[in-house]
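This report describes the fold, the packing and a few individual residues of one protein chain. The sequence and the coordinates are shown first, and the discussion follows.

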Amino acid sequence: MAINAAASTTDSDTRWVVADGREPHEVEFEEGMVNFFVDAADLLGVPKSVAAIYGVIFASVTPLSFSEISARLSLSGGSISQGLKVLREMGAVKTVPPDEESESRGRDRFVPDLELRQLMRRFIEQRLEAQLNRGEQSLSGLDQLSSQYSTEERPLIAQRLNKIRRWHTRARAVVPLIKTALKIRVP
C-alpha cells in the first residue's frame with residue numbers, strides 16, 4: 001500500500017526529495033520521512049531545511065556524504081552545509097569514516113543518532129535552557145520599563161509581570177525533572 005508522502009506535509013506543494021532515477025519506493029519512503037520531520041520541526045522551532053536533511057539521512061539505509069544528500073534534496077549546497085552544521089551541533093547526526101569502496105571516498109558520511117534520549121537532553125540544554133536564560137534578561141528589562149507606566153497602570157503591569165515570572169520559575173523547575181526522566185531507561 002502506497003502512502004501519499006506529499007499529503008502528509010503542512011505545505012503539500014513542497015517536494016523535498018529529488019527522484020533522479022532512483023527506485024520509486026525509496027523516493028516515496030524518503031519523502032514521507034522528510035515530511036514527518038519537517039512537520040515536527042515546526043513544533044521544535046527547527047528550520048524546515050534542517051529537518052529535511054535529517055529526514056533524508058534518517059531514511060537512508062547507508063551513510064550519506066554531503067554530495068549524496070545534495071543529490072537527494074531540492075536544497076542549495078549552502079543550506080545543506082548549514083543544516084549539517086546545526087545537526088552536528090545538536091548531536092542529531094554522527095559522522096562515519098570514509099569507506100574505501102564508496103564513491104564518497106575521502107569525505108565524511110552522515111548517519112542519524114538514533115538515541116532520542118540524548119537528542120532530547122541536548123535540545124533541552126542548548127535550546128530550552130538558553131531560552132530560559134534569555135527570558136530572565138527580558139524580564140529584567142521589562143521590570144525597568146514597567147516603572148514608566150502611570151501610577152494607576154503599574155499594579156496591572158506588575159501583576160502580569162509576576163504571572164510571567166511564576167511561569168518562568170515553573171519552567172525552570174521542570175528542566176531538571178525532564179533531564180532526570182531522560183536518564184531513566186525504560187525496558
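In which helix is the place of isoleucine 157? In this predicted model, isoleucine 157 belongs to helix α6, which covers residues 154-183.

**Individual residues**

Isoleucine 157 has a relative accessible area of 18%. The cut-off for a buried residue is under 20%, so isoleucine 157 counts as buried. Leaving aside residues up to four places away in sequence, isoleucine 157 touches Ser146 and Tyr149. Leucine 145 is 12 residues from isoleucine 157 in sequence, and their C-alpha atoms are 10.0 Å apart.

Phenylalanine 29 is found in helix α1. Its relative accessibility is 45%, between the limits of 20% and 50%, and phenylalanine 29 is therefore classed as partly exposed. Between phenylalanine 29 and valine 17 the sequence separation is 12 residues, and the C-alpha to C-alpha distance is 9.8 Å.

Aspartate 20 lies in the segment before α1. With a relative accessible area of 61%, aspartate 20 is exposed, because the cut-off for that class is over 50%. Most residues other than glycine have a negative phi. Aspartate 20, although not a glycine, has a positive phi of about 45°.

The three residues are set side by side below.

| Residue | Place | Relative accessible area and class |
|---|---|---|
| Aspartate 20 | segment before α1 | 61%, exposed |
| Phenylalanine 29 | helix α1 | 45%, partly exposed |
| Isoleucine 157 | helix α6 | 18%, buried |

**Overall architecture**

The chain has 187 residues, of which 34% are buried. Its secondary structure consists of six helices and three strands. Read from the N terminus, these elements follow the order α-α-β-α-α-β-β-α-α. Among contacts with a separation of 6 or more, 56% are between residues 24 or more positions apart.

**The sheet**

Strands of a sheet pair through backbone hydrogen bonds, either parallel or antiparallel. Here, three strands form an open sheet in the order β1-β3-β2, with antiparallel pairing. Strands β1 and β2 stand at the edges and have a single partner strand each, so one side of each has no neighbour in the sheet.

Strand β1 (residues 64-65) is joined to β3 by two bridges, and the two strands run antiparallel. Leucine 64 has phenylalanine 110 as its bridge partner in β3. On the other edge, strand β2 (residues 93-96) pairs with β3 through four bridges, again in the antiparallel sense. Two of the positions involved are valine 93, which stands opposite proline 112, and valine 96, whose bridge partner is arginine 109.

In a regular strand the side chains alternate between the two faces of the sheet. In β3 (residues 109-112), Arg109 and Val111 point one way, whereas Phe110 and Pro112 point the other way. These four residues are all buried.

**Helix packing**

Helix α2 lies across β1, β2 and β3, and runs at about 85° to β3.

How do α2 and α4 cross, and within what distance do their axes come? Two packed helices are described by the angle between their axes and the distance between the axes. The axes of α2 and α4 come within 9 Å and cross at roughly 75°. Because that angle falls in the range of 65 to 115 degrees, the two helices are roughly perpendicular. The residues of α2 in this contact are Val50, Ile53, Tyr54 and Ile57, and they meet Ser79, Ile80, Gly83, Leu84, Val86 and Leu87 of α4. By class, the contact of α2 with α4 comprises eight nonpolar and two polar residues, with no charged residues.

**The nonpolar core**

The largest nonpolar core contains 30 residues. Those that touch the most other members are Trp16, Val34, Ile53, Ile57, Ile69 and Leu73. Two or more residues of this core come from each of α1 (24-44), α2 (48-59) and α4 (77-90). The largest share, eight residues, is given by α2. Ile53 and Ile57 of α2, named among these core residues, also take part in the contact with α4.

Which residues does valine 34 touch, not counting those up to four places away in sequence? They are Trp16, Val17, Ala52, Gly55, Val56 and Leu73. Of these, Trp16 and Leu73 are listed with Val34 among the residues that touch the most other members of the core.

Conventions
Residues numbered from 1 in each chain as written. Predicted model: local features only at pLDDT ≥ 70, side-chain atom pairs only at ≥ 80, totals over all residues. Heavy atoms only, no water. Core = buried A, V, L, I, M, F, W, Y, C linked by side-chain atoms within 4.5 Å. Buried < 20%, exposed > 50% of the residue type's maximum accessible area, 1.4 Å probe, protein only. Contact = heavy atoms within 4.5 Å. Pairing = 2+ DSSP bridges. Axes fitted to C-alpha atoms, helices over the stretch in contact; angles between N-to-C directions. Parallel < 35°, antiparallel > 145°, perpendicular 65-115°, else oblique. Nonpolar A, V, L, I, M, F, W, Y, C, P; charged D, E, K, R; others polar.
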